[in-house]
Amino acid sequence: MKDDILFTLAVQFMIMSLLALGGANAVLPEVHRQAVEVGQWMSERQFADFFAISQAAPGPNVQIVVLIGYHVGGLLGAAVAMLAMCGPTAVLALFFARAWDRFKDTLWRNTVQAALVPISVGLVGATAVVLTRAADTTWAAAGITAASAATTFFTRWNPLYVFVVAGVLGLAGLV
Amino acid sequence: MRDSTADSSAASNASSSPVPPSPQQPPPRIPTHADLFWAFFKIAISGFGGALPWTRRMFVEQKAWMTPQEFNDAYALCQFLPGPNIVNLAAVFGARMRGATGALAAWLGFLGPPFVIMSTVGVLYARYGDAETLRKILGGLAAAAAGLMIATFVRMAEPLFRLRAAATSEQGGVRSLGAQLGARLTPQPFVMLAVVAAIGLFRWPLLWVMAVVVPASILLTWWRR
């Protein structure tokens, strides 16, 4: 049973890492679909928690997969999740780097690049939708989300302050 | 998570006005395996909210391992590829400096710290995740994190909605307002909205959505180029 879930974890994370254009944030809707909806490895609340922790801690955004892997399969699950998410694409990048330089400034390369930009932006938008649905279970939480979005968009404040204020508001029992 | 927007502006700046190398900078030496490991180790633990700015600072400004232009080219490649951008960048840069083992050193350096830190947090969460105090704090943090993602998305999406420069009218005749607008629209905002709807709202599987959207977007972009 446990081997089964580790295998599923490895295969699913590998597939989604190879499909999601635009980095760690682009992959999150599919991670959510697999972890919460299809696999039922965790609740909405836990997924929202994991994302909040991975953002509030220093380090790359992709580190959320370690938390999910640990939750699903312990330390081994964490290692499997990270390897599956970050290994195959890195190998792909190595092989692709050579071809990339050769086709620089060709029309088709520029076309493909321009065509992929809106897809990766759309995936980030989907991530925003999924996270907002998972996190905003109350009107107060929705208010914090709106304030955080506005602050980040209109000011250059360090997002750490936003997290501190939101954490204090949460602790005060507002959410 | 804010790297993508920061990068697109950085990329366009540097491509239009590459910074000339300053004469007083010492000639860059090729980093060793240990250099690669520790450089990415440091990036991994200092980056709050995405690793891109820290990577750029270390590579271009502190160590002078890459020129701004080289960095932008390498990052553009890693954005274009699937997978976590900086992880890919670590592999590509490590390989360029020291071959496959260099790639491995950089990759391990970058992923080691988050693995250890997040595993530790995972242990703590499994134990205290249901504690009332932690529940309240995390509720606030999760709501704020969703807001950050919305802002990131809006910043990234905004350039897609800009109309392209008015095409010179070949016929020289007066065209209707609708025709003028049609000539200046790009397919990009429509593709983006389709992806948000399919993945974010309808929750369709990524595999099928990408199988349709990637070729469709390439065809549309080619047709409207």
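Among contacts in chain A between residues at least 6 apart in sequence, what percentage join residues at least 24 apart? In this predicted model, the figure for chain A is 57%, and it is a useful place to begin, since it concerns how parts of one chain meet across the sequence.

Chain A itself is built with 7 helices and 0 strands, so that, as the reader follows the chain from the N terminus, the elements run α-α-α-α-α-α-α. Taken along the principal axes, the box filled by the C-alpha atoms of chain A is roughly 55 × 45 × 25 Å, and of the 175 residues of this chain, 53% count as buried.

One pair of helices can be followed in more detail. Two packed helices are described by the angle between their axes and the distance between the axes. In chain A, the axes of helix α3 (residues 44-56) and helix α4 (residues 64-102) come within 9 Å and cross at roughly 140°, which makes α3(A) oblique to α4(A), because an angle has to be over 145 degrees to count as roughly antiparallel. The crossing of these two helices, α3(A) and α4(A), is right-handed. On the side of α3(A), the contact is made by A:Phe50, A:Phe51, A:Ile53 and A:Ser54, while α4(A) brings A:Ile64, A:Leu67 and A:Ile68; sorted by character, the residues of this contact divide into 6 nonpolar, 1 polar and no charged.

From a contact inside one chain we can turn to the contact between two chains, which takes 88 residues from chain A and 79 residues from chain B. On the side of chain B that touches chain A, the elements that give two or more residues are α2 (33-46), α4 (68-80), α5 (85-128), α6 (132-157), α8 (188-201) and α9 (206-223) of chain B, and of these α6(B) gives the most, with 23 residues. The residues on this side of chain B divide into 56 nonpolar, 19 polar and 4 charged.

A single residue of chain B brings the picture down to a smaller scale. B:Val196 lies in helix α8 of chain B, and is this residue buried or exposed? It is buried, because 24 other C-beta atoms lie within 10 Å, and 20 or more are needed for a residue to count as buried. Leaving aside its neighbours within four places in sequence, B:Val196 is in contact with A:Gly122, A:Gly125, A:Ala126 and A:Val129. Within its own chain, B:Val196 is 35 residues from B:Phe161 in sequence, and the C-alpha atoms of the two are separated by 15 Å.

Methods:
Residues numbered from 1 in each chain as written. Chains lettered and ligands numbered in written order. Predicted model: local features only at pLDDT ≥ 70, side-chain atom pairs only at ≥ 80, totals over all residues. Contact = placed C-beta atoms within 7 Å. Helix = DSSP H or I, 4+ residues; strand = E, 2+ residues; numbered from the N terminus. Nonpolar A, V, L, I, M, F, W, Y, C, P; charged D, E, K, R; others polar. Buried ≥ 20, exposed ≤ 12 C-beta atoms within 10 Å, placed from the backbone. Axes fitted to C-alpha atoms, helices over the stretch in contact; angles between N-to-C directions. Parallel < 35°, antiparallel > 145°, perpendicular 65-115°, else oblique. Left-handed = near helix turned anticlockwise from the far one by under 90°.
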